[in-house]
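The exercises below are meant to be worked through with the sequence and the structure side by side. Each one sets a task and then gives a solution in steps.

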Amino acid sequence: MSPAPVRFHDPGRAASDFSGSVLVRCPRCDRIAHFERWTQPEARLVCRSCGLSRTSNRCSRPTLWLRTETRHGVVWAYNLEHLDLLRRFVAASLRERDPWYEHGRKMTYVARLPAWIKSAKNRDEVLRAIDRMRASVTAG
């Protein structure tokens with residue numbers, strides 16, 4: 001008997017729901033830093049490695065930390081919560097979403113993913129890329 005498929009139900013979130021706190025590359029030491037977009041009165045970049053703390057224009061954002069190239073394209077995420085959602089989606093063999101007639105957002109983050117990420121034949125490669133990105137945060 002084959003094992004039950006791994007299920008994923010689309011939570012209906014947009015990519016912008018994850019953009020308040022972003023993991024970025026520090027412009028000074030090139031290590032991991034936090035970019036808090038919703039702090040008042042301006043956005044703030046904080047690096048725990050070198051101590052950099054500066055405010056910046058909300059429109060400008062440093063390079064994402066959670067970004068990697070694959071042979072099909074770029075896989076990226078704003079933070080670990082965003083990366084976890086992407087991983088659960090890619091790993092699932094059964095992907096579900098609310099019916100079209102239900103109220104709520106239709107074009108969610110998951111619905112807008114490129115076809116090559118959604119493809120089962122690329123699942124292993126995309127999961128390896130996601131795992132490498134997670135390891136870059138947790139390992140140091």
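## Exercise 1: the cysteine pair

The sulfur of Cys50 has its closest cysteine sulfur in Cys26, at 3.7 Å, which is too far for a bond. Bear in mind from the outset that the model is predicted.

Task: Decide how many disulfides the structure holds, and describe how Cys26 and Cys50 are placed with respect to solvent.

Solution. Begin with the cut-off, since a disulfide needs two cysteine sulfur atoms within 2.5 Å. Seen from the other partner, the sulfur of Cys26 finds its closest cysteine sulfur in Cys50, and the 3.7 Å between them is too far for a bond. A search of the whole structure accordingly gives 0 disulfides. As for solvent, Cys26 counts as buried because its relative accessibility is 2%, whereas Cys50, at 27%, counts as partly exposed.

## Exercise 2: salt bridges

Task: Find which residue forms a salt bridge with Arg7, and work out which parts of the chain this pair ties together.

Solution. Searching the whole structure gives 8 salt bridges. In one of them Arg7 is paired with Glu96, and their closest N and O atoms are 2.4 Å apart. Arg7 belongs to strand S1 (residues 7-9) and Glu96 to strand S8 (residues 94-96), so the pair ties together parts that lie 89 residues apart in sequence. Arg7 counts as exposed, at 54% relative accessibility, while Glu96 counts as partly exposed, at 27%.

Task: Establish which residues are joined with Arg13 into one network of salt bridges.

Solution. First, the side chain of Arg13 meets that of Asp17 in a salt bridge, at 3.9 Å from N to O. Asp17 is partly exposed, with a relative accessibility of 37%, and Arg13 is likewise partly exposed, at 27%. Next, the side chain of Glu81 also meets Arg13 in a salt bridge, here at 2.8 Å from N to O. Because Glu81 lies in helix H1 (residues 80-91) and Arg13 in the loop between S1 and strand S2 (21-25), this pair ties together parts that are 68 residues apart in sequence. Finally, since these salt bridges share partners, Arg13, Asp17 and Glu81 form one network.

## Exercise 3: the nonpolar core

Task: State how many residues the largest nonpolar core has, and which element gives the most to this core.

Solution. The largest nonpolar core has 33 residues, and those with the most contacts inside it are Leu66, Leu86, Val90, Ile117 and Ile130. Among the elements that give two or more residues to this core are S2, strand S3 (32-36), helix H2 (115-118) and helix H3 (123-138). H1 gives the most, with 5 residues. To look at one member, leave aside the neighbours of Ile130 within four places in sequence, and Ile130 is then in contact with Val75, Leu83, Leu86, Arg87 and Val90.

## Exercise 4: a threonine in a loop

Task: Determine whether Thr70 is buried or exposed, and list what Thr70 touches.

Solution. Start with the location, as Thr70 is found in the loop between strand S6 (67-69) and strand S7 (74-76). Its relative accessibility is 12%, so Thr70 counts as buried. The side chain of Thr70 reaches the backbone oxygen of Gly73, at 2.7 Å. Not counting residues up to four places away in sequence, Thr70 touches Val75, Trp116, Glu125 and Ala129.

How values were computed: Residues are numbered from 1 along each chain as its sequence is written. This is a predicted model: local features need pLDDT of at least 70, side-chain atom pairs count only at pLDDT 80 or more; totals for chains, interfaces and linings use all residues. Side-chain values use heavy atoms; hydrogens and water are left out. Helices (H or I, at least four residues) and strands (E, at least two) are DSSP runs, numbered from the N terminus. Buried means under 20% relative accessible area, exposed over 50%, partly exposed in between (1.4 Å probe, protein chains only). A polar contact is a pair of N or O atoms within 3.5 Å; within protein, one must be able to donate a hydrogen and the other to accept it, and residues adjacent in sequence count only if both atoms are side-chain atoms. Contact means heavy atoms within 4.5 Å. A salt bridge is a side-chain nitrogen of Lys or Arg within 4 Å of a carboxyl oxygen of Asp or Glu. A nonpolar core is a set of buried Ala, Val, Leu, Ile, Met, Phe, Trp, Tyr and Cys residues joined through side-chain atoms within 4.5 Å.
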